[in-house]
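This report covers the nonpolar cores and one sheet of a predicted model.

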Amino acid sequence: MKLATCVVFVLADLLLGSAQNPHILSYSLRIIEYLMQVQVGTFECIFFDMTSKSPYDNVLSVLLQSPRLESAVKYVLQGSGWGDRSEALPKTPSLLVLYPGREGEFTAYAMTRQILEFFNLFDPATVVMTFMEFSELNVAVIMDWIFNDMNCNNVLYLDTLSTKVRLKSLKNEIGFDLRDSQPHPKRVFDWFRYSFNGNVITYVPETMSGDLETASYKWVKATADYLNCALQVFPGGPTIAHREIIHGETMKLATCVVFVLANLLLGSAQNPHVLDYSLRIIEYLMQVQVGTFECIFFDMTSKSPYDNVLSVLLQSPKLESAVKYVLQGSGWGDRSEALPKSPSLLVLYPGRQVEFSLYAKTRQILKFFNLFDPATVVMTFMDFAELSVGEIMNWIFNDVNCNNALFFDTFSTHVRLKSLKNSVVIDLRDGQPHPKRLFGWFRYSFKGNTITYVPEKNTGDLETASYKWVKATAEYLNGKLRMIPKDGDIRLRRMVLVKIDRTFQGIAMCAPTSCRILIPRGRRLTAVEIMTMPFKWQVWTLLAIALVVTEVVRYAVPDSFKNDPILLVVCGFERHDLHRAGRWERAILHSLIVVMFFMTNAFETKIISMMIDRPSAQTAKRLDDFDKYGLKFRFDLNQIPDAVEHPLIGRYVEHGDPVEIFHNEPGVAIIAAEELVAMVPKLSYDYERGQSWFIVLEDQISFDTMHVYQTAVRSPYLGIFQFTYVALNEAGLFNLWQRQQGDHSYKWISGNRPRGNDEEQHYLVFDDMLVAWLVLAFGYGISLIGFVWEMIKKSIAKGYKKDKIWA
């Protein structure tokens, strides 16, 4: 900036309370001075601040106070208060200086269409100088639409927050940076006049015969020659004032080398460097792709679709093996469900500024990008001179969190890589970096970021497998990890994915969920029930029948038995030497003694084992037994409404609070993931019984749903999280962390209290011997009854003898 300019503006800047861009101010005054020099007559300048709050608290105030404009006639307008003064305004002013302001207020003002009435007051050839923030994309789009609607061909945009200037005509636009160069104002307005070159001027002749010797025809023809334009007659068509502009494109000779046949069909040339390098990138992606390579081509233009570089790519033999989806304009809506949600590549052609800006305003383009994974690689072919198109595309990619965007200039050898954090431009003439380096740069753009997470519990357990995974991801990115209570990049609590949609809000597990059924263990058996358990009722019945029959035989043939069969076989009491007994007695009693020996040993073995590992009441052994034992599954149907429709367990599902594996509720079964089954004895342990609360059934259940880790909507870390999860899971670290988490969880729940099933040795305590005491008491009771019966019997026999003697 020159020293004289600083002197002029310093007081104005102090009054405004904010500094203005010195480069923009200096260059804008330079342009105004040039216009004043070439102006014939009075220089009339209209200043229009469209804002309603703090009017002229901006760059317009500085221009108005500049001593360089003292000789100019200035009309100062603000907001919507120009209506009463419209008759006093010049119809052909020398210059129109605008300040549209911020997006919110300007958009609301533009919707009233008062701004169109304002521009209709003036000659379309008026030079318009607009001061605005280039980052306000919606303001730029609306202003472009207004200038096109008014056929305004001489528009200068000056960025108040940078050193960028954009020149816009009806046909083209170009931008430059004042730090690189400050072209003379004459060259600027020559560019505007040059934008008419190559157009076609249409005219209506004076007579239907079309007299070519009239003065008016020669004047129009001279004008066409001056502009290097064609002249075309339209009988009964538009007048000269309503001209039709045909946009032509130049063709470079070097383009004919690459894809000559395709270019002949298209009728326009493409950049060979860009085509070659873009194909090289696509080939690299196809080599590293796991599975089918799916590529979506999207031409956003409605006129002459695929009359551009996309057609050349589609016809390339290098992409024969790829699955291609070809979309155009706004006709993709009906095919949205058929499009892959995670394509390998997305190739775009936004087209020229005018049509693309109108299409972008419908916000259909945002709906389109929201269909796909934010980690998708996007290749955009466009003219880098179309600054508005580039800015809108940048805004869209930032809004949908697209981190892998490549821009190819169709009219030069420039390629721009854009991530959410950085942007870099390379020139293919200087070298063509290997595609691996490009995608390495995209991954490197995440370096140093801070990943936020929401813990599983409010305390933030640092021993969970999910926390260690996210921590490893942060270390992989050389970044930091920070815990927040909600709305983090990822939630560590694993959830069930009921329905797959396109919200891109979760990291899915590697495989569908495979689960096992856990049913609550039955009640503890009583001592009497345990005593009868060693044999089935059929065995007990047969044994009792054998003893009873033997006793009946002894009473029927008393002379054949000198010993009591029951006392000898069961209790071992021998009244008479068995080897001196009769043949039938020895045969019967020896057989019973051998049977009772085996029965007694088997009974003792089973009783001792049941004393050590006390059994429970019988319960379901498979899913079909649920009706018999009245078992149910409990789900929160507000969160998982599809549970009742499951083909296997749906009829056993009831609504309610789910039962955790750490608790036990009779009659309620649990669905547990396969990897959690091994930790059931540790996580659900009943210290009173020395057993787990649950029994794992053999039935395996597969769900259509998958477990997911919830992330932020369209999180830019989706691809990174998926990559690290798969890598750690395949390495076995995830399973190790889950086992360690299980050990930590049960120690946190119950401390270091020993579990019976975890001990190598088992010791019987007094309560365990209760069954033995009952068996002993039962034996003593039977012996006592037998002794009393013998005494009574002996007493009766003795009394009978006395009566017989006395008789």
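The text below takes up the cores, then the sheet and its helices.

The model is predicted, so local features need pLDDT of at least 70 and side-chain atom pairs count only at pLDDT 80 or more, while totals for chains, interfaces and linings use all residues. Residues are numbered from 1 along each chain as its sequence is written, and side-chain values use heavy atoms, with hydrogens and water left out.

The largest nonpolar core (buried Ala, Val, Leu, Ile, Met, Phe, Trp, Tyr and Cys residues joined through side-chain atoms within 4.5 Å; buried is under 20% relative accessible area, 1.4 Å probe, protein chains only) has 35 residues, and Leu95 and Phe131 touch the most other members. Helix H2 (22-38) is among the elements that give two or more residues to this core, and H2 supplies its largest share, nine residues. Helices and strands are DSSP runs of at least four (H or I) and at least two (E) residues. Apart from this core lies another, of 34 residues, including Phe293 and Leu417.

Seven strands form an open sheet with mixed pairing, in the order S11-S10-S12-S13-S14-S15-S16; a pair needs at least two DSSP bridges. Strands S13 and S14 pair in the parallel sense over five bridges, and Val378 has Ala405 in S14 as its bridge partner.

Two helices pack on the sheet, by contact (heavy atoms within 4.5 Å) and with angles between N-to-C directions, from 0 to 180 degrees, of axes fitted to C-alpha atoms, for helices over the stretch in contact.

| Helix | Strands touched | Angle |
|---|---|---|
| H14 (residues 387-399) | S12, S13, S14, S15 | about 170 degrees with S13 |
| H15 (residues 435-444) | S13, S14, S15, S16 | about 35 degrees with S15 |

Key: Buried < 20%, exposed > 50% of the residue type's maximum accessible area, 1.4 Å probe, protein only.
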